[in-house]
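I opened a fresh page for this one and went looking for the empty spaces, the ligand and a few backbone oddities. Here are my notes, in the order that made sense to me.

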Amino acid sequence: MPKQTGLFVSFEGGEGAGKSTQIRRLAAALMAKGHAVLITREPGGSSGAEAVRHVLLNGAAEQYGTRMEALLFAAARSDHVEQVIRPALSRGTIVLCDRFMDSSRVYQGVTGNLQYEFVEALQRIAVNGVVPDRTIILDIPAEIGLERAKTRGAAANAGPDRYEKEELETHEKRRQGFLDIAIREPERCRVVDATRSEEQIASDVLKLVEGLLMPVRKAKAGAGEAGP
Ligand code: TYD
C-alpha cells in the first residue's frame with residue numbers, strides 16, 4: 001500500500017451551513033500558496049458513488065429503510081475512498097471533502113436510529129483506514145441553516161432533497177450529533193461558528209488547516225485538481 005503523504009480534511013454540518021462555499025475559499029487559499037488541492041463530496045466523488053448518490057438523494061431508496069440507506073452510503077464511500085481519496089493522498093494532494101463518515105454517524109446513526117455499533121462497523125469497512133486528519137464542523141442553528149438551504153434551492157430552481165424535507169427537530173438533533181462527535185474526538189474535529197460572515201469563517205478555517213500543513217510536500221504553484 002503506498003504511503004499517505006497528503007492531507008485529508010472533511011467538512012461536516014447541517015443543511016445550509018455553507019460547507020461548499022468554505023471549501024471553495026479554502027481550496028483557493030491553499031492553491032495560492034502552491035499546494036495541490038482536490039475538492040470532492042459525498043455521497044459521490046467517484047463515478048460509482050455518484051450513481052449511488054442519485055438513488056439516495058431522490059428518495060428512491062427510502063422505502064427500503066435506513067439500514068439499506070446506510071449500506072448504500074457506505075458502498076458509495078468505499079468506492080470514493082479507493083478510487084479517488086486514497087490515490088490523491090498518496091500523490092501528496094490536500095483532499096477537501098464535503099461530508100464524510102461523520103454524516104453517516106449523524107444522519108443514519110443518530111437520527112436514522114440505527115445501532116451505534118452497526119454504523120461504526122460500516123464506517124470501518126468503508127474508510128478502510130482513510131480517516132480525515134482534520135474535520136471542520138460548521139455549526140449553525142437548524143432554523144437558520146434550513147432557511148439558507150431553502151433560499152439556495154429556490155435560486156437553483158430545485159425542491160428540497162430527501163433529507164432537507166425533515167422536521168426542524170430532526171435537524172437540531174443532527175446539529176447536536178455533530179457537536180457530540182467533536183467532543184468525543186477533539187484531536188480530529190474543530191467546531192466553527194457558521195453564523196458569522198463568510199470572511200470570518202474562511203479565516204478561521206484556513207488557520208485550522210494551515211496548522212497541519214508542515215508535513216505536506218508543496219506542489220508547483222497553481223497545481224489544482226478538478227473536482228467531480
Ligand atoms: P447534498 O445535496 O450534498 O447537500 P449538503 O449541502 O447538505 O451536503 O446532500 C447530501 C445529503 O445526504 C445531506 O442531506 C446529508 C445526507 N447524507 C447522509 O445522510 N449520510 C451520509 O453519509 C452522507 C455523506 C450524506
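**Entry 1: sorting the residues.** Before counting classes I fixed my terms: Ala, Val, Leu, Ile, Met, Phe, Trp, Tyr, Cys and Pro are nonpolar, Asp, Glu, Lys and Arg are charged, and the others, Gly among them, are polar. I also reminded myself that this is a predicted model.

**Entry 2: the cavity.** I started with the closed space. Rolling a probe the size of a water molecule over the atoms shows where empty space is left. With a threshold of 30 Å³ or more, I count one cavity. Its volume is about 110 Å³. I found 14 residues lining the largest cavity, and Gly14, Glu15, Ile140, His171 and Arg175 lie nearest its centre. Two or more lining residues come from each of β4 (134-139), α6 (142-155) and α7 (168-184). Sorted by class, the lining of this cavity has seven nonpolar, four polar and three charged residues.

**Entry 3: the largest pocket.** Next I turned to the open space. I note about 670 Å³ for the largest pocket. Its lining takes in 27 residues, and those nearest the centre are Glu15, Lys19, Arg53, Arg99 and Arg152. Glu15 is thus a name I had already written down for the centre of the cavity. I see at least two lining residues from each of α1 (19-32), α2, α3, α4 and α6. The biggest contribution to the pocket lining is that of α4, with four residues. Which classes make up this lining? I get twelve charged, eight polar and seven nonpolar residues.

**Entry 4: the ligand.** Where does the ligand sit? I find the ligand in the largest pocket. There are 16 residues around the ligand, and Glu15, Arg77, Arg99, Ser104 and Gln108 come nearest. I then looked up polar contacts to ligand oxygen atoms. For Ser104, a polar side-chain atom is 2.6 Å from an oxygen atom of the ligand. For Glu15, an N or O atom of the side chain is 3.0 Å from a ligand oxygen. For Lys19, the distance from a polar side-chain atom to a ligand oxygen is 3.2 Å. On its own the ligand has 540 Å² of accessible area, and the protein covers 91% of that.

**Entry 5: who builds the shell.** I asked which helices surround the ligand. At least two shell residues come from each of α2 (47-57), α3 (66-90) and α4 (101-110). Within the shell, α4 gives the most, with four residues, just as α4 gives the most to the pocket lining. My tally by class for the shell is eight charged, five nonpolar and three polar residues.

**Entry 6: backbone oddities.** I closed with the loops. Which peptide bond did I mark as cis? The bond from Glu42 to Pro43 is cis, with omega near -10 degrees. Pro43 belongs to the loop between β2 (37-41) and α2. I also flagged Arg99, which is not a glycine yet has a positive phi of about 75 degrees. Arg99 is found in the loop between β3 (94-98) and α4. I had met Arg99 before, among the residues that come nearest the ligand and among those nearest the centre of the largest pocket.

Terms used:
Residues are numbered from 1 along each chain as its sequence is written. This is a predicted model: local features need pLDDT of at least 70, side-chain atom pairs count only at pLDDT 80 or more; totals for chains, interfaces and linings use all residues. Side-chain values use heavy atoms; hydrogens and water are left out. A residue is near a molecule or strand if one of its heavy atoms lies within 4 Å of it. A polar contact is a pair of N or O atoms within 3.5 Å; within protein, one must be able to donate a hydrogen and the other to accept it, and residues adjacent in sequence count only if both atoms are side-chain atoms. Accessible areas come from the Shrake-Rupley method with a 1.4 Å probe; for residues, only the protein chains shown count as cover. On a 1 Å grid over the protein atoms alone, a cavity is a set of points where a 1.4 Å probe fits but cannot get out, and a pocket is an open set with protein on both sides within 12 Å along at least five of seven lines; lining residues have an atom within 4 Å of a point. A molecule sits in a cavity or pocket if more than half of its atoms lie within 2 Å of its grid points. Grid points are joined across faces, edges and corners, and a volume is the space filled by probe spheres set on the points.
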